[in-house]
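Thanks, everyone. Let me put the model on the screen, and then I'll walk you through it.

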Amino acid sequence: MAKQPIITLLTHTHPDGDAIGSTTGLYHFLEGLGYRPTLVLPDPAPANLVDLLPDQVLIHSLDPVAADQALTHCDILIGLDFNQFKRTGSTETAASHSSARKILIDHHLNPDTAAFDQIFSEAGRSSTCELVYYLLLAHPTVQQSASKLSMDTLYSLTTGLITDTNNFNNSLSPATFRMAADVCEAGVDLDRITEKIYRSNRSNRIDLMGFLLNERRFQLKDVGAEYMLFSLQDQKKFDYLSGESEGFVNLPLQTKRVRLSALFTETDEGCIRVSLRSKRGFSANRLAQRFFNGGGHENAAGGKLYLPLDDVAAYFEKAVRTFLLEEDPQ
Ligand SMILES: [Mn+2]
């Protein structure tokens with residue numbers, strides 16, 4: 001028998017449901033085919049997603065030597081749910097310099113075509129999980145039948161489908177619902193996933209949500225923008241755990257006149273994490289690319305700022321006003 005290739009799977013920093021779901025979904029599928037892949041995460045998964053993880057996971061922030069080793073000494077490196085190695089944080093160097101054959105499976109705009117040998121990139125997909133699902137359906141062992149996929153793979157992929165669409169609220173297409181129907185038919189209990197993701201939080205999350213909305217939310221009324229500032233001090237005060245502010249950035253968009261919402265989260269890595277959400281007609285992706293060292297999707301993007309949190313308000317206001325003038329100069 002030919003020697004089995006060594007496969008390593010990698011996703012982006014602060015992994016969300018789609019990042020964890022797509023990597024673990026593919027992991028379990030490859031395992032079922034007899035491979036022994038390695039899963040590398042730049043940092044730990046949120047508590048409500050750890051049940052999807054296999055027994056062995058290498059977390060770079062906890063075990064950098066072993067994680068770098070897995071990225072360097074593999075034959076195939078598969079990146080999921082990011083468009084450039086920069087989005088993988090501390091694993092960027094080892095991953096981008098790895099001599100492995102590099103494959104990307106992703107749904108963000110503007111994939112870094114120079115960095116990969118093979119790219120499956122479809123920005124029209126709700127989630128990387130949706131894209132992985134349809135790729136796996138085409139595999140000879142699956143023959144277009146979801147029931148041929150293991151329950152582990154199905155639950156993983158469905159998790160990302162649910163979280164990246166914000167529980168079937170955005171980024172929807174007929175293929176999204178087709179996948180949802182398929183997985184239901186194959187035995188996935190959607191309610192079990194939504195219970196875990198949306199109805200199993202600590203009360204800290206609700207307290208924090210109220211606090212940020214009331215005390216740390218600011219408006220640029222004339223341009224329809226709002227932003228929230230989330231300091232390290234407030235994170236400590238609410239005993240914040242990574243992932244617990246998931247979805248907060250969407251809340252201001254419930255107001256009719258708000259078309260752009262931003263959440264700035266101070267980190268202990270010396271930068272501010274930026275989340276941007278917008279309504280149709282306002283490109284969060286271009287704003288993130290132009291002013292926030294990032295990008296993503298048209299109406300949902302992220303980035304980083306290297307400024308003190310105190311300077312973010314002025315920077316944001318100037319960025320939004322400049323951006324609007326550039327986009328619509330009249
Ligand atoms: Mn995604």
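I'll take the sheet, then the metal site, then one helix and one last strand.

Ground rules. This is a predicted model, where local features need pLDDT of at least 70, side-chain atom pairs count only at pLDDT 80 or more, and totals for chains, interfaces and linings use all residues. Residues are numbered from 1 along each chain as its sequence is written, and side-chain values use heavy atoms, with hydrogens and water left out.

Helices (H or I, at least four residues) and strands (E, at least two) are DSSP runs, numbered from the N terminus. Two strands pair if DSSP finds at least two bridges between them.

The sheet, then. It is open, with six strands in the order E3-E2-E1-E4-E5-E6, and the pairing is parallel. E3, residues 58-59, and E6 are the edge strands, each pairing on one side only. E1 (7-10) and E2 (38-41) share three bridges. Leu9 has Leu39 as its bridge partner in E2.

Helices lie across these strands, with contact meaning heavy atoms within 4.5 Å. Axes are lines fitted to C-alpha atoms, for helices over the stretch in contact, and angles run from 0 to 180 degrees between N-to-C directions. H2 (64-72) crosses E1, E2, E3 and E4, at about 125 degrees to E2. H4 (128-137) crosses E4, E5 and E6, at about 115 degrees to E5.

Now the metal. Which residues are the protein donors of the manganese ion? Asp18 (OD), Asp81 (OD), His107 (NE2) and Asp164 (OD), at 2.1 to 2.3 Å. Donors here are N, O and S atoms within 2.8 Å of the metal (3.2 Å for Na, K and Ca); water is not among the atoms, so sites may look incomplete. Asp18 lies in H1 and His107 in the loop between E5 and E6, so the pair ties together parts 89 residues apart in sequence.

Buried means under 20% relative accessible area, exposed over 50%, partly exposed in between (1.4 Å probe, protein chains only). Asp18 is buried at 0%. His107 is buried too, at 1%.

On to H7, residues 190-198. Its buried residues are Ile193, Thr194 and Ile197. What covers them includes H5 (151-164).

Last, E12, residues 300-305. Its side chains alternate: Ala301, Gly303 and Leu305 point to one face and are buried, while Ala300, Gly302 and Lys304 point to the other and are not. E10 (272-278) runs antiparallel to E12, joined by six bridges. A hairpin of three residues links E11 to E12.
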